[in-house]
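These exercises go through one protein structure step by step. Try each task before reading its solution.

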Amino acid sequence: MHSATLEDMRTTLRGPVIGPRDAEYDQARKIYNAMIDKRPAAIVRCADAADVMAAVTFVRDHGLELAVRGGGHSGPGLCLVDDGVTIDLSPMRGVRVDPAAKTAQAGGGSQLGDLDHATHAFGLATPTGIISMTGVAGLTLGGGHGYLTRKYGLTADNLISADVVLADGSFVTANATEHPDLFWALRGGGGNFGITTSLTYRLHPVDTVGAGVTVWPVEHTREVLGWYREFLPHAPEDVYGFFTVFVVPPGPPFPEEIHRQKVCGIVWCHTGDPDRLDEALSVVQEPGPPAFHFAAQMPYVALQSMFDELIPTGYQWYWRGDFFDHIPDAALDIHLKYGENNPTQLSLMHLYPVDGAAHRVGPDDTAWSYRDAVWSGVFAGVDPDPANAGTIRQWCVGYQEELHPYSMGGSYVNFMGTGEGQERVRATYRDHYDRLARVKRTYDPDNLFHANQNIAPAQG
C-alpha cells in the first residue's frame, strides 16, 4: 500500500490505522495461533460501526484485499491477509445485558470472557465455546457449541439479532423479520456475508454448575470411549461431557503421579440440581476405575476459563475437524493409536456433543447443516516451539484422515484448517451450500469477503 493511501485512510477513520513502519505493528498482527505469520499492509482498529463502514468502503473503492478480525482466534489465520487490510474489531468489546428481557448485546470484537463476565453478574449465560479468549462473533457465525449445547442449543440458535456492515458499506440489522435470509445465513454460514458489529443473544439461567474431570490411562481408550459413545447420547441433558485424549499437565487439580502421562478422559458440566452432581457422575466407574476423578461446584465463568492458562495465545496450532453420528469399533482403535502416539505435551483431540437441544432445531432453520450430528470432533496439534510445527501438523492430519471414513463428511467450519479445499467447504454446508451462495450473491456479489472458508456468490 502506498504511504499516501495509508494516510488517506487515517484521516477517514476514528480508530488507529497501523502500518508496517509503526512501532506497534508486530504486536497488532499477532493472533492466537503463532503458526500464522501474515503481514497486512494496514491493520484498522475500528472504534465503532461507523469506522467499519468507512473502512469497508475505502477497501472496496481502492481494490484492496480484506480480512476481518474479531477475537483473533482463527486457527488457519483467516483474520489476517498479506498485503491487504485487516479490519480489526478488537476495540469493540462492550457487552450490555438486559436482565429483564434476558438478552445480551455484544460488540463484534468481544471475546467469550467478556460476554460471560457480563452475563454471570445476573446469573445468566448463553451457550458458547470452552476457551474464554475465543471471539464471540466468529464462534457464532460458525454455529458455536460448548458446555450448554445439550441443554440450550448452539450459540447460533440463541442469536436473536445482528448488526452487519455489508460489502457496499451500508449497515443493516438482521433478525427474524428484517433481512431474514441474511439472518438465516449468519447462523452457521461463517464470515461470508458481512462484518457483524454487534450480536444480541437470548440468555438462560446459569450460575453455579457442577464441573468435573475424569481421566483413565490412555491404554484404556478403547473401553472408555466404547462406554462413552453409548452413555452420553442417552444421558439427561443436564449432563454434558466431552471426550478427549491428551497429556496430563503438571499442576492442580491433577496429582503428581499422573503428571505428563498420556490419558483419555471426559470433561463434565452438570447444570442440574447441585445436590445430585455426585450421583450424576457416579457412572465414571463403569468403564473401569479412573486414574483421577474430580468434581465440584464452581461458577460457570470459572469453568469457561479453566483451560485458558494451558493453551494461551502465542503457541503453534494446527487443527482439523469432522462431524460424527456414531463411533464404530474401528474408530476406537484409531483413537487409541493416536492417543498413545501424542507427539507433544499440549496436542489433543476432543469430541464435543452436539445433540440434545441442538437436535430440536429444524434442519433448514439455520445454515448449520449437521443437525443430525452427535459429536463435533477436533484434532489439534499444539506446541510452543516452532521447530515442532511439522510434527504437530503431521499428527493432526494423520488422525483426522484415518477417522474421516467414519465421519459424516463435513466439519464444523470453525475447526477447518488451512488448504482443505473447496469441496471440503461444500461438504461442510451440504444441501445448504446453494442457498448460501444465493444469499452471498445478494449481499456480497463481488465476493469482497473471501478471506474465510469461502462460499462463492451464485451465478446468474
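**Exercise 1.** In which strand is Thr200 found? Determine also whether Thr200 is buried or exposed, and list its contacts.

Solution. The model is predicted, so local features need pLDDT of at least 70 and side-chain atom pairs count only at pLDDT 80 or more, while totals for chains, interfaces and linings use all residues. Residues are numbered from 1 along each chain as its sequence is written, and side-chain values use heavy atoms, with hydrogens and water left out.

Step 1: Thr200 is found in strand β10, residues 195-202. Helices (H or I, at least four residues) and strands (E, at least two) are DSSP runs, numbered from the N terminus.

Step 2: the relative accessible area of Thr200 is 16%. Buried means under 20%, exposed over 50%, and partly exposed in between, with a 1.4 Å probe and protein chains only. Thr200 is therefore buried.

Step 3: contact means heavy atoms within 4.5 Å. Not counting residues up to four places away in sequence, Thr200 touches Thr103, Ala104, Gln105, Asn158, Leu159, Ile160 and Ser161.

**Exercise 2.** Place Asp116 and Ala49 in their helices, and classify the accessibility of each.

Solution. Step 1: Asp116 belongs to helix α4, residues 112-120. Its relative accessible area is 4%, so Asp116 is buried. Beyond four places in sequence, Asp116 touches Thr128, Tyr300, Val301 and Gln304. Met53 is 63 residues from Asp116 in sequence, and their C-alpha atoms are 28 Å apart.

Step 2: Ala49 lies in helix α3, residues 49-61. Because its relative accessibility is 21%, Ala49 counts as partly exposed. Leaving aside neighbours within four places in sequence, Ala49 is in contact with Met92, Val165, Phe171 and Thr197. Ser198 is 149 residues from Ala49 along the chain, and 8.7 Å separates the two C-alpha atoms.

**Exercise 3.** How do helices α11 and α12 pack, and which residues make the contact?

Solution. Step 1: α11 (residues 329-340) and α12 (residues 389-403) pack at an angle of about 170°, with axes 10 Å apart. Axes are lines fitted to C-alpha atoms, for helices over the stretch in contact, and angles run from 0 to 180 degrees between N-to-C directions.

Step 2: angles under 35 degrees count as roughly parallel, over 145 as roughly antiparallel, 65 to 115 as roughly perpendicular and the rest as oblique. Helix α11 is therefore roughly antiparallel to α12.

Step 3: Ala331, Ile334, His335, Lys337 and Tyr338 of α11 meet Trp395, Gly398, Tyr399, Glu402 and Leu403 of α12.

Step 4: sorted by class, this contact has six nonpolar, two polar and two charged residues. Ala, Val, Leu, Ile, Met, Phe, Trp, Tyr, Cys and Pro count as nonpolar, Asp, Glu, Lys and Arg as charged, and the others, Gly among them, as polar.

**Exercise 4.** Do the same for helices α13 and α14.

Solution. Step 1: α13 (residues 422-429) packs against α14 (residues 433-443) at about 105°, with axes 8 Å apart. The angle makes α13 roughly perpendicular to α14.

Step 2: the contact involves Gln422, Val425, Arg426 and Tyr429 of α13, and Tyr433, Asp434 and Leu436 of α14. Its classes are four nonpolar, one polar and two charged.

**Exercise 5.** How many cavities of 30 Å³ or more are there? Describe the lining of each.

Solution. Step 1: on a 1 Å grid over the protein atoms alone, a cavity is a set of points where a 1.4 Å probe fits but cannot get out, and lining residues have an atom within 4 Å of a point. Grid points are joined across faces, edges and corners, and a volume is the space filled by probe spheres set on the points. The count is two cavities of 30 Å³ or more.

Step 2: the largest cavity has a volume of about 50 Å³. Its lining includes Gly142, Gly188, Phe323, Trp368 and Tyr429, and divides into six nonpolar, five polar and no charged residues.

Step 3: the second largest cavity has a volume of about 40 Å³. Phe324, His326, Ile327, Pro328, Ala331, His335, Leu351 and Leu403 line it. Ala331, His335 and Leu403 also take part in the contact of α11 with α12.

Notes. 1 Å grid on protein atoms, 1.4 Å probe; cavity = no way out; pocket = protein on both sides within 12 Å on 5 of 7 lines; lining within 4 Å.
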